[in-house]
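Please look over the sequence and the structure shown below before reading on. The report that follows describes one helix and its surroundings, and then the charged pairs of the chain.

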Amino acid sequence: MSRFLPARVHAGPSQYRLQPRGISIPAQREAGKLKAEALGADIVREFVDPGRTATSIDKRPTFQEMIAWVKQQKDVDYVIVYHFNRVFRNAVDAGIVKRDLKKVGTRVVSTILDMGKNPEAALVEQIIHAVDQYQSQASGADISYKMGQKIKNGGSVGIARLGYLNVRVPKPEGGEIRTIAIDPERAPLVRLAFELYATGDYSLADLADELYDRGLRTRATPRRPAKQVSINKLSQTLRDRYYLGYVTHKGEEIKGRHEPLINQALFDRVQTIADSRTAAKERRRVHHH
């Protein structure tokens, strides 16, 4: 998570907007304030970039909003950031953004290292951006390798499928293992989805409504409340061999360490019915029960 502080040199009363999100924000905010004081500038606005792993500024809307706002103002002297690596993921983005902001008289400065705006300082910053890019790419490659090894050993990565939960299990020697466990609330309903669809009496729309009536909901998040499972999500679930106990890695199917929710016979019946239908041809039926 990153903060961007546009600041003007002695621009009058501060319009400093607090948006604390995460434990690192207060430290970044304090460092930004100290840097602004050292530059003789007033902070006029604060932007907080949510903690995302985007490798390009194109996928960071808050960052884009900040750039557009600064260009519109045309009298912002600095954009203060805690560290360049919290802002730029690669040297190309750094060069483009700094060039565009320079056209409106704005300089991006870091609270960690600021050697001024002479040619030598620009060279050092270019080297820093290149090093940051290498570290970002190396870290990404390392994470990708470790995730691949986990899948090869039958592990699950990412957000748990519907009917499962992401859990952390303490290790006897200390630390923890991130793994997958059965969701006691949703797993029986996911299993029921396969059983009902296998009867051939339910369209996907019927099945979605039936499961909703029986209490199946998506997992709630701080930004999204729990809701009915969509037809598309339900269709993907009924086709997913993960529920048989398998994981896939680069096209290879591997026996997973998670507990299956259904058996092969039930999965095969569901696939037979799904193959014989299309979403456009399915018709809703009335069930009197």
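## Helix H2 and its salt bridges

Just after helix H2 comes Lys74, whose phi is positive, near 65 degrees; helices here are DSSP runs of H or I with at least four residues, strands are runs of E with at least two, and both are numbered from the N terminus. This is a predicted model, in which local features need pLDDT of at least 70 and side-chain atom pairs count only at pLDDT 80 or more, while totals for chains, interfaces and linings use all residues. Residues are numbered from 1 along each chain as its sequence is written, and side-chain values use heavy atoms, with hydrogens and water left out.

Helix H2 covers residues 61–73, and its 13 residues reach 18 Å from the first C-alpha to the last, close to the 18 Å expected at 1.5 Å a residue (the expected span is 1.5 Å times one less than the number of residues). Within H2, the residues Thr62, Phe63, Met66, Ile67, Trp69 and Val70 are buried, where buried means under 20% relative accessible area, exposed means over 50%, and partly exposed lies in between, with a 1.4 Å probe and protein chains only. Seen down the axis of H2, these buried residues fall within an arc of 165 degrees, so they line one face of the helix; the arc is that of the directions from the helix axis to the C-beta atoms. An α-helix has 3.6 residues a turn, so residues three or four places apart point the same way.

The count of salt bridges comes to 11, a salt bridge being a side-chain nitrogen of Lys or Arg within 4 Å of a carboxyl oxygen of Asp or Glu. The table lists some of them with the distance between the closest N and O atoms.

| Pair | Closest N and O atoms |
|---|---|
| Lys71 and Asp100 | 3.9 Å |
| Arg99 and Asp100 | 3.1 Å |
| Asp275 and Arg239 | 2.8 Å |

Lys71 forms a salt bridge with Asp100, and this pair links distant parts of the chain, since Lys71 lies in helix H2 and Asp100 in helix H3 (residues 91–102), 29 residues apart. Lys71, Arg99 and Asp100 are linked in a network of salt bridges. In this network Lys71 is partly exposed at 33% relative accessibility, Arg99 is partly exposed at 47%, and Asp100 is buried at 18%.

Asp275 forms a salt bridge with Arg239, and that pair also links distant parts of the chain, from helix H8 (residues 264–275) to helix H7 (residues 231–239). Asp275 counts as exposed at 55% relative accessibility, whereas Arg239 counts as partly exposed at 39%.
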